[in-house]
Amino acid sequence: MTHRISVELATTKRPKPDVSKIGFGSCFTDHMFMMDYDADKGWHSPQILPYQPIMMDPAAKVFHYGQTIFEGLKAYRTADGRILLFRPQQNLKRLNRSNERMSIPDVDEELALEALRQLVLVDQDWIPREEGTSLYIRPYVFATEPLLGVAPSRQYKFMIIMSPVGSYYAEGIHPVRIHVESEYVRAVAGGVGQAKTAGNYAAGLKAQEKASEQGYSQVLWLDGVHRKYIEEVGSMNVFFRIGDKVVTPELNGSILAGITRDSVIQMLGSWGVEVEQRRLSIEELFEAQEQGRLVEAFGTGTAAVISPVGELNWENRKIIIGEGRTGELSARLYNELTGIQRGELADPFGWVLELKGTVSATS
Ligand SMILES: *Cc1c(COP(=O)(O)O)cnc(C)c1O
């Protein structure tokens with residue numbers, strides 16, 4: 001497979017937004033990446049081109065049967081002007097695991113990494129420099145075959161778009177209040193919960209709405225069978241410090257395997273903090289709270305990195321965790337992880353990938 005990506009540069013450059021004033025994911029860079037798949041040719045025609053709308057057949061399978069997956073990662077600009085990605089190879093591995101689950105053909109991970117590299121370099125002026133900001137990168141694959149029949153599509157597109165994003169914590173890191181959902185469920189083992197696929201998020205909107213109406217910003221999902229065991233929070237994995245251990249739900253087939261989750265487990269291990277990956281029931285958590293052993297809780301994900309949890313509400317039983325303040329481990333993890341991501345701290349785990357060079361138009 002050749003890795004030659006054709007590049008067409010935008011003739012006009014759009015003005016860069018003030019990232020402190022725009023919402024997450026509302027503004028896109030000058031270019032995008034696109035590659036097509038046909039059953040008889042495989043993946044072909046990788047290209048970088050000006051950001052623009054695409055034509056879709058109204059019968060495209062993605063609209064009707066939801067065969068699509070996505071990824072999310074960030075590029076950071078260091079104080080001395082370097083460009084860093086955080087563990088991008090892990091995102092591409094997960095992209096193919098999601099593809100596999102959704103019967104979508106594999107993408108060549110080396111080619112995808114080269115596409116990421118060239119696209120970020122082409123639009124490197126779009127990586128904001130202010131503290132806490134970054135360039136959010138969204139790779140995704142979707143079925144384009146125009147056919148109303150439930151079978152894997154014979155045509156797909158793989159695209160990458162990018163969006164400058166402001167600091168998640170413009171007013172400083174602060175704990176969120178969370179609604180524990182006991183009616184709706186997100187996923188079940190054997191389903192598609194471990195794939196980053198669109199339908200999981202559409203299925204979660206109802207509970208999210210319910211939580212918002214009650215003044216909560218996120219939903220904590222319980223398992224789909226017993227409505228008892230903790231799964232994850234919105235688009236974050238979740239950790240609890242109980243006594244002198246940290247507990248997080250094990251990857252049981254219905255939870256998304258977060259890259260931030262994995263990084264936190266490795267980092268805590270390196271600090272000598274014991275991390276248990278196991279089933280954890282909501283009752284156990286409320287009991288630990290009563291006994292004064294629930295010290296802190298936090299979510300992990302690319303967008304917020306670490307999101308401390310200050311309150312849980314489960315069937316009108318409310319608990320305030322750590323007096324509603326950011327816990328000691330949450331703060332330390334946030335500082336160390338974002339420090340590594342922005343190239344301000346040493347990277348003992350080899351997590352960051354520096355992007356270098358320039359990209360010019362091909363003819
Ligand atoms: C993306 C995502 C996460 C977090 O994964 P990261 O790789 O850490 O960003 C967790 N849960 C769900 C449901 C997700 O979609």
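This is a short tour of a predicted model, going from its domains to one annotated lysine and then to a pair of helices.

**Stop 1: the two domains.** Start by colouring residues 6-167 as domain 1 and residues 176-341 as domain 2, following the domain assignment. If you place a marker at the C-alpha centre of each domain, the two markers will sit 27 Å apart. Next, display the contact between them: domain 1 contributes 21 residues, and domain 2 contributes 20.

**Stop 2: K196.** Now select K196, which the unreviewed UniProt entry lists as a modified residue, N6-(pyridoxal phosphate)lysine. To find its place along the chain, look at the loop that runs between β9 (176-181) and α4 (198-213). Is K196 buried or exposed? With a relative accessible area of 11%, K196 falls under the 20% cut-off and therefore counts as buried. Show its surroundings as sticks: beyond the neighbours within four places in sequence, K196 touches I69, F70, E71, G72, R94 and S98, along with Y201 and L256.

**Stop 3: α5 and α7.** Move on to helix α5 (residues 259-270) and helix α7 (residues 328-341), and turn the view until you can see both axes. They lie 11 Å apart and pack at an angle of about 110°, so α5 is roughly perpendicular to α7. For the side of the contact that belongs to α5, pick T260, S263, V264, M267 and L268. Their partners in α7 are L329, L333, E336, L337 and I340. Colour this set by residue class and you will get seven nonpolar, two polar and one charged.

How values were computed: Residues numbered from 1 in each chain as written. Predicted model: local features only at pLDDT ≥ 70, side-chain atom pairs only at ≥ 80, totals over all residues. Heavy atoms only, no water. UniProt positions renumbered as here; feature names shortened; annotations may be inferred. Helix = DSSP H or I, 4+ residues; strand = E, 2+ residues; numbered from the N terminus. Buried < 20%, exposed > 50% of the residue type's maximum accessible area, 1.4 Å probe, protein only. Contact = heavy atoms within 4.5 Å. Axes fitted to C-alpha atoms, helices over the stretch in contact; angles between N-to-C directions. Parallel < 35°, antiparallel > 145°, perpendicular 65-115°, else oblique. Nonpolar A, V, L, I, M, F, W, Y, C, P; charged D, E, K, R; others polar. Domains from an automatic or database assignment.
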